[in-house]
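Reader: Please take me through one part of this model closely. I would like the sheet, what packs with it, and how the two chains touch. Keep it brisk.

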Amino acid sequence: MAETEKRHHLVVRITHWVNALALAIMVASGLRIFNAYPAFARKGETFCCYPFAGDMIPNWLTFGGWLAGARNWHFATMWLLVVNALVYLGFIYLHGEWRDLVPRRGQVRGVWEMVRFYVGRGKTHPHQGKHNALQRLAYFSLPIVGAASVISGLAIWKPVQLAPLTWALGGFVWARYWHFLAMLGLVALTFGHVFMVFAVDPYSMRAIITGRYNPARSPERRNARPFVHLRGPRVEPSAAPAPAPPSPPPSDQPPPSKPPEGTP
Amino acid sequence: MSGLWLPRHAAERAGLDRRRFLAAGAGTLAVAALGCGSEGPKSAEGLLRAGERLNERVERALFRHNAMNHAPRRAVNTGLRFPSYFVSPRVPVWNEAARGVWRLEIGGLVRRPARLTLGELTELPRTELRLEHFCVEGWSAVAVRTGVLLHELARRADVSPDARYVDFASFDDDYHESWDIESALHPQTMIVYGQDGRMLDPAYGAPARVYSPVKLGYKNTKYLTRITFLAERNGGYWSDVGYEWYGGV
């Protein structure tokens with residue numbers, strides 16, 4: 001274990017997985033609620049900005065079984081989502097992890113360099129700290145989009161008791177639309193996140209479960225972009241590429257006994 | 001396997017991992033799909049009920065008598081495109097020959113019970129409000145509602161201070177819904193007999209219905225026959241099968 005370092009605090013790991021569960025329930029039950037009226041227009045009116053009005057979300061993407069069931073799940077899980085988010089945000093504020101997430105000077109250039117590298121326009125992985133610039137952008141956006149979904153959700157939950165809020169979002173119909181868009185934003189961030197975990201840094205899976213991470217296997221050290229150098233540097237690109245092993249290794253984790261390969 | 005969309009050397013080196021990636025992705029989706037489309041585990045029902053109780057406390061704390069519903073000025077009156085709905089197989093129509101003249105009964109924990117005909121109801125102080133309606137399904141619609149404020153009826157009936165709930169019963173099969181008394185006495189809650197300037201159509205709950213813009217549509221009993229002031233809540237047609245009892249907006 002000497003080669004690993006502590007990466008995620010227990011609180012971060014627990015809130016991460018609670019959030020994953022709560023978000024999945026919120027999105028799937030929300031889609032079931034949406035299916036009761038899969039459109040945005042006030043009755044008798046038209047709505048400018050949703051071309052799929054009337055199209056149901058496929059049942060297998062939904063949760064809750066029926067409208068009342070989905071509503072009960074949605075309105076119970078919202079507390080889990082919000083309380084968990086407050087625990088997480090409070091913790092990273094007090095414990096200092098927020099410093100790894102807030103945008104820094106040069107954030108825009110950093111994002112640009114990461115994108116260039118990922119599409120194959122750069123030879124070496126840009127230098128990074130705990131997270132690269134794209135990750136910082138995503139992890140910083142997530143609570144903001146989450147807050148947008150909570151606020152727009154409150155506005156459509158209580159359009160009369162919280163009428164000023166609903167009014168500020170453009171009325172019930174628009175608040176419902178913002179709520180839908182915020183959900184799409186959260187889903188997009190989640191898919192991007194999960195894709196990058198598997199395609200660039202599967203070793204981070206260990207870090208978010210046990211908390212430990214092997215820095216020798218960081219994407220920067222492996223010079224990894226999606227599906228490239230997943231297993232770490234073995235031979236230099238100038239040499240002949242090593243043939244792929246004939247059968248997949250038995251586990252997702254690299255064997256810990258494996259000696260660290262040449263450091264870049 | 002090589003060269004699908006990655007440079008050849010990269011694909012060769014990554015082919016194996018990509019296969020594992022796809023397998024892992026498919027596995028994750030399959031696990032997720034197992035839970036989807038379902039109502040969720042039965043063991044969660046207690047948690048969901050606890051959630052509903054917590055929500056009711058929050059909703060009642062949020063409730064304000066001076067929080068008003070105003071339909072947006074630029075919103076179009078929905079008119080006859082307003083969805084109509086009832087639980088009987090056909091539009092419920094009061095059968096005067098069989099049941100006598102329709103009367104709205106006001107009873108329960110009141111000192112002066114009443115049985116009002118539609119004519120008597122329309123002679124009481126009249127209120128007309130243009131309101132945005134919120135359905136549990138997620139749609140909204142705008143209509144002008146004409147009727148008598150329920151707190152006016154409650155004042156005339158001299159409701160006992162013990163009354164904490166109100167039940168609204170109908171002749172649409174056994175449809176009824178009970179409410180907290182605060183919502184029933186909200187200054188926009190009324191017994192409606194007119195919609196968009198005309199007497200209520202049978203499709204919309206004639207002769208009279210309860211209407212409050214602080215409740216979701218399903219709490220607003222149509223085809224009203226009886227208003228009962230109660231010390232305890234009395235469930236409701238939709239509340240009893242799983243919809244939220246409070247149903248406030």
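Author: Of the contacts in chain B with a separation of 6 or more, 70% join residues 24 or more positions apart. This is a predicted model. Chain B has six helices and 10 strands. Of its 249 residues, 38% count as buried.

Start with the sheet. Five strands of chain B form an open sheet, in the order β2-β1-β10-β5-β6. Its pairing is mixed. The edge strands are β2 (114-117) and β6 (176-180) of chain B, and each of them pairs on one side only. Neighbouring strands of this sheet are turned by 15 degrees against each other on average, direction ignored. In general, strands of a sheet pair through backbone hydrogen bonds, either parallel or antiparallel.

Take the β2 side next. β1(B) and β2(B) form a hairpin, with five residues between them. They pair in the antiparallel sense over four bridges. One residue to follow here is Leu104(B), whose bridge partner in β2(B) is Leu116(B).

Now move along the sheet to β10 and β5. Strand β5 (residues 165-170) of chain B pairs with strand β10 (residues 224-230) of chain B. The sense is antiparallel, and the pairing runs over six bridges. Ser170(B) has Leu224(B) as its bridge partner in β10(B).

Leu104(B) leads on to the core. The largest nonpolar core has 30 residues. Leu104(B), Ile191(B) and Ala208(B) are those with the most contacts inside it. Several elements of chain B give two or more residues to this core: β1 (103-108), β4 (140-149), α5 (150-157), β5, β7 (190-195), β9 (209-211) and β10. Three strands of the sheet, β1, β5 and β10, are thus named among the contributors.

Ala208(B) shows how the pieces meet. Leaving aside neighbours within four places in sequence, Ala208(B) is in contact with Leu104(B), Leu118(B), Leu121(B) and Leu200(B). Its contacts also include Ile191(B), Val192(B) and Tyr193(B). Leu224(B) is in contact with Ala208(B) too. That is the Leu224(B) that bridges to Ser170(B).

A second, separate core has 22 residues. Phe40(A), Ala68(A), Ile156(A) and Phe172(A) are included in it. That brings in chain A.

Which elements make up chain A? Its secondary structure comes to eight helices and two strands. Along the sequence, the pattern is β-α-α-α-α-α-α-α-β-α. Chain A has 264 residues, and buried residues make up 34% of them. Among its contacts between residues at least 6 apart in sequence, 64% join residues at least 24 apart.

One helix pair in chain A deserves a look. Helix α3 (residues 107-118) and helix α4 (residues 133-157) of chain A have axes that come within 7 Å and cross at roughly 115 degrees. From α3(A), the contact uses Gln107(A), Gly110(A), Val111(A) and Met114(A). From α4(A), it uses Ala133(A), Leu134(A), Arg136(A) and Leu137(A). By class, five residues are nonpolar, two polar and one charged.

Back to Ala68(A), of the second core. Ala68(A) is found in helix α2 (residues 67-95) of chain A. Why does Ala68(A) count as buried? Because it has 20 C-beta neighbours inside 10 Å, and 20 or more is the cut-off for burial. His16(A) lies 52 residues away along the chain, and the C-alpha atoms of the two residues are separated by 28 Å. Not counting residues up to four places away in sequence, Ala68(A) touches Gly242(B) and Tyr243(B). Here the two chains meet.

Now the other side of that contact. Gly242(B) sits in the segment after β10 of chain B. Gly242(B) is partly exposed, with 17 other C-beta atoms within 10 Å. Leaving aside neighbours within four places in sequence, its contacts are Ala68(A), Gly69(A) and Asn72(A). Pro202(B) is 40 residues from Gly242(B) in sequence and 27 Å away in space, C-alpha to C-alpha.

Last, confidence. Chain A averages a pLDDT of 89, and 87% of the residues score at least 70. Over residues 235-264 of chain A, pLDDT stays under 50. For that stretch the model has 24 contacts beyond four places in sequence.

Technical notes: Residues numbered from 1 in each chain as written. Chains lettered and ligands numbered in written order. Predicted model: local features only at pLDDT ≥ 70, side-chain atom pairs only at ≥ 80, totals over all residues. Pairing = 2+ DSSP bridges. Axes fitted to C-alpha atoms, helices over the stretch in contact; angles between N-to-C directions. Core = buried A, V, L, I, M, F, W, Y, C linked by C-beta atoms within 7 Å. Buried ≥ 20, exposed ≤ 12 C-beta atoms within 10 Å, placed from the backbone. Contact = placed C-beta atoms within 7 Å. Nonpolar A, V, L, I, M, F, W, Y, C, P; charged D, E, K, R; others polar. pLDDT = per-residue confidence, 0-100.
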